[in-house]
Amino acid sequence: MSKALIISSSIVILMWLSFLSDWCLPGDFATVGIMPRTISGLKGILLSPFIHGSWQHLISNTGAIFALTFTLFWCYDKVAWKVWIESVLFDGLLVWLLARTSYHIGMSGVIFALLGFLLAIGIFRFSFKTLIISGVIFFLYGGALWGVLPSDPHISWEAHLFGFLAGIFIAKINKEQIE
């Protein structure tokens, strides 16, 4: 449990340090987010999860990424790093390939990928443990699934949708490694 706490806390600290740096330094970190179908936008695949456009954006992503990362590392430690990295890469790549032309920033694509993984692994593994974890995650975060639909033009619903789909795919390809 301490490993899960340290990793999830470290990710949150990196998000906050990045935001504070952006807030204090000249320039706009959003320009290193994902700009679909551009060479310069490729760097955003790795960097965009740690870039947030406002305090509200940062705060709204903090609790969810902490809780879902903690759950992933506590319950599925054997594959947790692989799943977390695949979540960043698959969501980012899909956003880069398919999303509308705009800078896409924030941790929400990874949040939705982890949500998709934690929900789908219960179905794919269909064990008591995975079903209980999936049920608790659905109870706590199921309402967030509305975020995969277009609503606010300032919110990357594409990152949400592609993240969620990536999470399901990641659960499918990693199901044999889950106990």
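H1 passes H3 in a right-handed crossing (right-handed when the near helix is turned clockwise from the far one by less than a right angle, left-handed when anticlockwise). This is a predicted model, so to speak of local features takes a pLDDT of at least 70, side-chain atom pairs count only at pLDDT 80 or more, and totals for chains, interfaces and linings use all residues. Residues are numbered from 1 along each chain as its sequence is written, and side-chain values use heavy atoms, with hydrogens and water left out. Helices here are DSSP runs of H or I with at least four residues, numbered from the N terminus.

Back to the first pair: H1 and H3 pack at about 160°, with their axes 8 Å apart. Axes are lines fitted to C-alpha atoms over the stretch in contact, and angles run from 0 to 180 degrees between N-to-C directions. H1 is therefore roughly antiparallel to H3 (over 145 degrees; under 35 is roughly parallel, 65 to 115 roughly perpendicular, and the rest oblique). Contact, meaning heavy atoms within 4.5 Å, involves residues including Ile11, Val12 and Met15 of H1 and Ile65, Phe66 and Phe70 of H3. By class, this contact has 18 nonpolar, 5 polar and no charged residues. Nonpolar covers Ala, Val, Leu, Ile, Met, Phe, Trp, Tyr, Cys and Pro; Asp, Glu, Lys and Arg are charged, and the others, Gly among them, are polar.

H3 also packs against H6, at about 175° and with the axes 12 Å apart, which makes H3 roughly antiparallel to H6. Gly63, Ala64, Ala67, Leu68, Thr71 and Cys75 of H3 meet Lys129, Ile133, Ile137 and Tyr141 of H6. The tally for this contact is 7 nonpolar, 2 polar and 1 charged.

H4 and H7 come within 8 Å of each other, axis to axis, and cross at roughly 135°, so the two are oblique. Their crossing is right-handed. Among the residues making the contact are Phe90, Leu94 and Leu98 of H4, along with Phe162, Phe169 and Ile173 of H7. Here the split is 11 nonpolar, 3 polar and 4 charged.

On to the interior. A nonpolar core is a set of buried Ala, Val, Leu, Ile, Met, Phe, Trp, Tyr and Cys residues joined through side-chain atoms within 4.5 Å, where buried means under 20% relative accessible area, exposed over 50% and partly exposed in between (1.4 Å probe, protein chains only). The largest one has 39 residues, and Ile65, Leu72, Tyr76, Trp84, Met107, Leu114 and Phe117 have the most contacts inside it. At least two residues each come from H1 (2-24), H3 (55-75), H4 (80-98), H5 (108-125), H6 (128-141) and H7, and H5 gives the largest share, 10 residues. Setting aside residues up to four places away in sequence, Ile65 touches Ile11, Val12, Met15, Trp84, Met107, Val110, Ile111 and Leu114. Another core, of 7 residues, lies apart from this one, with Ile45, Trp96, Ala99 and Phe162 among its members.

Two single residues round things off. Ser108, in H5, is buried, at a relative accessible area of 11%. Beyond its neighbours within four places in sequence, Ser108 is in contact with Asn61 and His160. Trp157 belongs to H7 (residues 157-174) and counts as partly exposed, at 25% relative accessibility. With the same four-place neighbours left aside, Trp157 is in contact with Arg100, Gly147, Val148, Leu149 and Pro150. The C-alpha atoms of Trp157 and Tyr76, 81 residues apart along the chain, are separated by 27 Å.
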